Amino acid sequence: MHQDSPQSAPLSRPHCVIFVVLIALPDSAGSAEICRVAAVGIIDSLMKWSINKPSFTVSRGEFESGFTMSSYQIVSHFPAIAKASGNERWRRVIDTSYAMFDHFLNLNPRTALTPLTFMVKDYGVSQRGYLYGYDSSRVPWRVGLDYLWNGENHSPVARILPDLNAKWLLETTGGGPSAPYVRYQLDGAPNTDNGKDPRVTVPPIAVGAMVGVSNQEWLDTLSAWRSPARPWMALARAFSEIPSCSVACWSSPATCPVS
């Protein structure tokens, strides 16, 4: 492993660090420039070591023949990263990510589920896990946030995928928040090996309601289901409200409810 490589941590963490230093920390012209320089240093390292080439998929390493994770394609953050760094190759990462999401959407248009991992070259089956579950349930957030911030500028999949994920989950559970299995085949068939866990419901349902009003009742059901015996549900719901608040604050700072 290269010393200046970010491979030692899950790839979502460096991207979150970048986003914080670009958006949250600067409060003056001087600190803004310091944050920008720090962020660009991380961005350049990510492009060097964590972007497969020539495919421009995101991975743990620079091995084009290896596998990557669907949740690593964080299209919600890539536009800000491209703008801050001035490196247009990040635009290719956005396009490649949406090509991947579009592939799995066309593969299973009823569910639009993406696998934990897939092979970089052909989206083929990876022996590291090809089921939908905890990690790939983050994908609706990745694309749904891009829709909230950028509309369909990058792809209509930004709206379609989280909407379909939420509607499929409602159908397969019969509207029961505690009914989802931990893992599913991409066509929606349950994998019962690890039992059930409602935590996989929160990402697709919450962001699904943000991209499509028809999913709001489903989210309300999830919210009403939480109780003191499930304290993590309250936290999950609170986090689910952050993106819409962010949109309001960035588009109209004067009306932002958070100082």
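I take helices as DSSP runs of H or I of at least four residues and strands as DSSP runs of E of at least two, numbered from the N terminus. With that in hand, I place P54 in the loop between α2 (29–49) and β1. The model I am reading is a predicted one.

**Entry: overall layout**

I began with the inventory and found 10 helices and 4 strands in the protein. Reading along the sequence, I noted the order α-α-β-α-α-β-α-α-β-β-α-α-α-α. I then looked up burial for the whole protein: of its 259 residues, 50% are buried. For contacts between residues at least 6 apart in sequence, I recorded that 62% join residues at least 24 apart.

**Entry: backbone at P54, A112 and Y123**

I returned to P54 to look at the bond before it. The peptide bond from K53 to P54 is cis, and I noted an omega near 15 degrees.

I next looked up positive phi values outside glycine. A112, which is not a glycine, has a positive phi of about 60 degrees. I located A112 in the loop between α4 and β2 (117–119). Is A112 buried or exposed? Its relative accessibility is 1%, so I enter A112 as buried.

Y123 is likewise not a glycine and has a positive phi of about 60 degrees. I located Y123 in the loop between β2 and α5 (139–150).

**Entry: L161**

I found L161 in helix α6, which spans residues 157–173. L161 counts as buried because its relative accessibility is 0%. Which residues does L161 contact, leaving aside its neighbours within four places in sequence? I listed F101, A112, T114, V139, P140 and V143. A112 of the previous entry is thus among the contacts of L161. For F101 I also looked up the spacing: F101 and L161 are 60 residues apart along the chain, while 8.0 Å separates their C-alpha atoms.

**Entry: T68**

I found T68 in strand β1, residues 67–69. With a relative accessibility of 1%, T68 counts as buried, the cut-off being under 20%. Setting aside neighbours within four places in sequence, I recorded contacts of T68 with V58, S59, Q73, L116, T117, F118 and V120.

**Entry: α3 and its packing on α4**

I looked up α3 and found 6 of its 8 residues buried, which leaves the helix mostly covered. The buried residues I listed for α3 are F78, P79, I81, A82, A84 and S85. After α3 comes G86, and I noted for G86 a positive phi near 70 degrees.

How do the axes of α3 and α4 stand to each other? I found that the axes of α3 (residues 78–85) and α4 (residues 89–107) come within 8 Å and cross at roughly 165 degrees. Angles over 145 degrees count as roughly antiparallel, and I therefore enter α3 and α4 as roughly antiparallel to each other. The crossing of α3 past α4 is left-handed. On the α3 side I listed F78, P79, I81, A82, K83 and S85 as making the contact, and on the α4 side W90, R91, V93, I94 and S97. Sorted by class, this contact of α3 with α4 comprises 7 nonpolar, 2 polar and 2 charged residues.

**Entry: α8 and its packing on α7**

I turned to α8, residues 216–225, and listed its buried residues: W218, L219, L222 and S223. These residues span an arc of only 140 degrees around the axis, so I place them on the same side of α8. What does the face of α8 turned away from this buried side carry? I found the exposed residues E217 and A224 there.

I then looked up α7, residues 202–211, against α8: the two pack at an angle of about 135 degrees, and their axes are 8 Å apart. I therefore enter α7 as oblique to α8. The crossing of α7 past α8 is left-handed. In the contact, V202, I205, A206 and A209 of α7 meet Q216, W218, L219 and L222 of α8. By class I recorded 7 nonpolar residues, 1 polar residue and no charged residues for the contact of α7 with α8. Of the α8 residues in this contact, W218, L219 and L222 also appear in my list of buried α8 residues.

Notes
Residues are numbered from 1 along each chain as its sequence is written. This is a predicted model: local features need pLDDT of at least 70, side-chain atom pairs count only at pLDDT 80 or more; totals for chains, interfaces and linings use all residues. Side-chain values use heavy atoms; hydrogens and water are left out. Buried means under 20% relative accessible area, exposed over 50%, partly exposed in between (1.4 Å probe, protein chains only). Contact means heavy atoms within 4.5 Å. The arc is that of the directions from the helix axis to the C-beta atoms. Axes are lines fitted to C-alpha atoms, for helices over the stretch in contact, and angles run from 0 to 180 degrees between N-to-C directions. Angles under 35 degrees count as roughly parallel, over 145 as roughly antiparallel, 65 to 115 as roughly perpendicular and the rest as oblique. A crossing is left-handed if the near helix is turned anticlockwise from the far one by less than a right angle, and right-handed if clockwise. Ala, Val, Leu, Ile, Met, Phe, Trp, Tyr, Cys and Pro count as nonpolar, Asp, Glu, Lys and Arg as charged, and the others, Gly among them, as polar.
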